[in-house]
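Work through the exercises below with the sequence and the model at hand, and try each task before you read its solution.

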Amino acid sequence: MSTTIKDVAKEAGVSIATVSKVINGKPSISEPTRLRVLEVIKQLNYHPNAQACNFARERSDNIIFLAVTEPLTAFHNPHMFEIMSGAQKVVYEKKYNFSFLGVKDKDTACHEAADIIGRRAADGILIHGSSTSRPLVDLLVKKGFPHVIIGRPPFSTAACWIDINNHVSGHLATEYLTKCGYTHIAFIGGPQTDEISRHRLRGFVSSMRIFGLDVPDSSIKYGTYSKQSGFEMMEELLRGSFLPDAVICEDNKIAMGAASAIRKRGMNIPNDIGMITFDDYPLSQLIDPPLTVVDINVNKLGQQAAEILMKKIRNPSLNMQSFTTVPELIIRSSTRNISDDIL
């Protein structure tokens with residue numbers, strides 16, 4: 001039979017309450033008594049119930065990562081798991097447990113968050129952008145519960161969030177293409193309502209104007225995040241009055257479709273049309289030719305989100321709303337070399 005707290009109290013000649021106070025580091029116990037209890041704990045090889053101790057201290061030592069998931073989420077949104085891996089690394093280093101909670105929709109995410117807060121099932125929550133909604137964000141702010149939302153909410157809020165500066169990503173893609181000598185640059189992206197696509201597009205448009213290049217309406221196409229949509233948008237560009245010499249693709253699946261449309265016309269990438277996309281998914285290196293990408297270290301983003309959450313747990317009044325993680329350009333063969341153009 002395993003040793004209990006009663007056995008420790010009896011052997012040390014103190015009450016169960018005294019043993020509990022020693023275990024939880026309460027300051028009201030004299031030093032001789034504390035040392036005696038600790039010695040008995042060591043002699044009896046007693047291991048306190050962590051869950052019970054945490055309950056007594058009103059903490060769980062648990063962090064929950066909340067996200068909306070669906071079949072094939074790992075394929076459609078591989079960044080989620082990279083973010084989670086980065087967050088988990090920091091959480092483990094801080095001696096906390098890390099739990100993943102996947103839910104079917106945003107309404108369920110809000111209900112689960114309310115339950116977590118009510119049961120004190122976690123000391124803090126990392127909210128993936130897929131599960132963000134106004135009711136959920138309002139709940140976190142109202143309760144003052146430690147949280148970090150990964151992805152800026154598409155509405156004004158006092159909540160704590162961290163995000164990638166997608167405007168800078170759009171600028172970096174445009175700037176590099178112009179350095180390669182491309183001047184007729186098009187942008188094909190996701191739906192107009194998509195927050196990420198919208199910020200990258202703004203970075204593209206503002207940069208083109210800074211560089212003194214035209215951005216006709218026909219050079220911008222909206223679609224869905226699919227290979228078929230990329231193919232159709234690229235076909236529409238190639239049939240139109242604005243013939244691009246380079247195209248910025250919002251994601252890898254769109255880029256796959258665009259590359260197929262270019263090859264169908266008998267055109268060459270990168271000599272006839274240069275191509276650049278965002279995020280270094282495995283797909284970006286499987287497309288022919290391998291794509292130049294503007295990449296974000298989303299593992300580091302997860303680490304930064306967890307570090308902010310740890311600070312917020314220690315200081316609940318702390319509030320941060322910031323863009324972070326600098327994008328990195330990975331140059332491959334879907335764009336001309338800058339030196340080639342100079343020569």
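**Exercise 1. Backbone angles out of the ordinary**

Decide whether K95 is buried or exposed, and find the loop in which K95 lies.

Solution. K95 has a relative accessible area of 69% and is therefore exposed, where buried means under 20% relative accessible area, exposed over 50% and partly exposed in between, with a 1.4 Å probe and protein chains only. This is a predicted model, in which local features need pLDDT of at least 70 and side-chain atom pairs count only at pLDDT 80 or more, while totals for chains, interfaces and linings use all residues. Residues are numbered from 1 along each chain as its sequence is written, and side-chain values use heavy atoms, with hydrogens and water left out. The next step is to place K95, which is in the loop between α6 (79-93) and β2; helices (H or I, at least four residues) and strands (E, at least two) are DSSP runs, numbered from the N terminus. Now look at the backbone: phi of K95 is near 65 degrees, a positive value in a residue other than glycine. Most residues other than glycine have a negative phi, and most peptide bonds are trans.

Find the loop that holds D279, and decide whether D279 is buried or exposed.

Solution. D279 belongs to the loop between β9 and α13, and its phi, near 75 degrees, is a positive value in a residue other than glycine. With a relative accessible area of 8%, D279 is buried.

**Exercise 2. Cis peptide bonds**

Locate the cis peptide bond that ends at P270 and the one that ends at P289.

Solution. I269 and P270 are joined by a cis peptide bond whose omega is about 20 degrees, and P270 sits in the loop between α12 and β9 (274-278). D288 and P289 are also joined by a cis peptide bond, here with omega about 0 degrees, and P289 is in the loop between α13 (283-286) and β10 (292-295).

**Exercise 3. Aromatic pairs**

How many aromatic pairs does a search of the whole structure find?

Solution. The search finds four aromatic pairs, where rings of Phe, Tyr and Trp (its six-membered ring) pair if their centres lie within 6.5 Å, and planes under 30 degrees apart count as stacked, over 60 as edge-to-face and the rest as tilted. Take F65 and F98 as an example: their ring centres are 6.3 Å apart and their planes are at 45 degrees, so this pair is tilted. Because F65 lies in strand β1 (residues 62-68) and F98 in strand β2 (residues 97-103), the pair ties together parts that are 33 residues apart in sequence. F65 and F98 are both buried, and together with F100 they form one aromatic cluster.

Next, classify the pair of W161 and F323 and find the strands that hold these two residues.

Solution. The pair of W161 and F323 is edge-to-face, with 5.4 Å centre to centre and 65 degrees between the planes. W161 is in strand β5 (residues 161-164) and F323 in strand β11 (residues 321-324), so the pair ties together parts that are 162 residues apart in sequence. W161 counts as buried at 7% relative accessibility, whereas F323, with a relative accessible area of 40%, is partly exposed.

**Exercise 4. Charges over rings**

Which residue lies over the face of F278, and which over the face of Y182?

Solution. R200 lies over the face of F278, at 4.3 Å from the ring centre, and R336 lies over the face of Y182, at 4.1 Å from the ring centre. A charge sits over a ring if NZ of Lys or CZ of Arg is within 6 Å of the ring centre and within 35 degrees of the ring normal.

**Exercise 5. A packed helix pair**

Describe how helix α9 and helix α10 pack.

Solution. Two packed helices are described by the angle between their axes and the distance between the axes. Helix α9 (residues 166-179) and helix α10 (residues 195-210) pack at an angle of about 45 degrees, with their axes 7 Å apart; axes are lines fitted to C-alpha atoms, for helices over the stretch in contact, and angles run from 0 to 180 degrees between N-to-C directions. The angle makes α9 oblique to α10, since angles under 35 degrees count as roughly parallel, over 145 as roughly antiparallel, 65 to 115 as roughly perpendicular and the rest as oblique.
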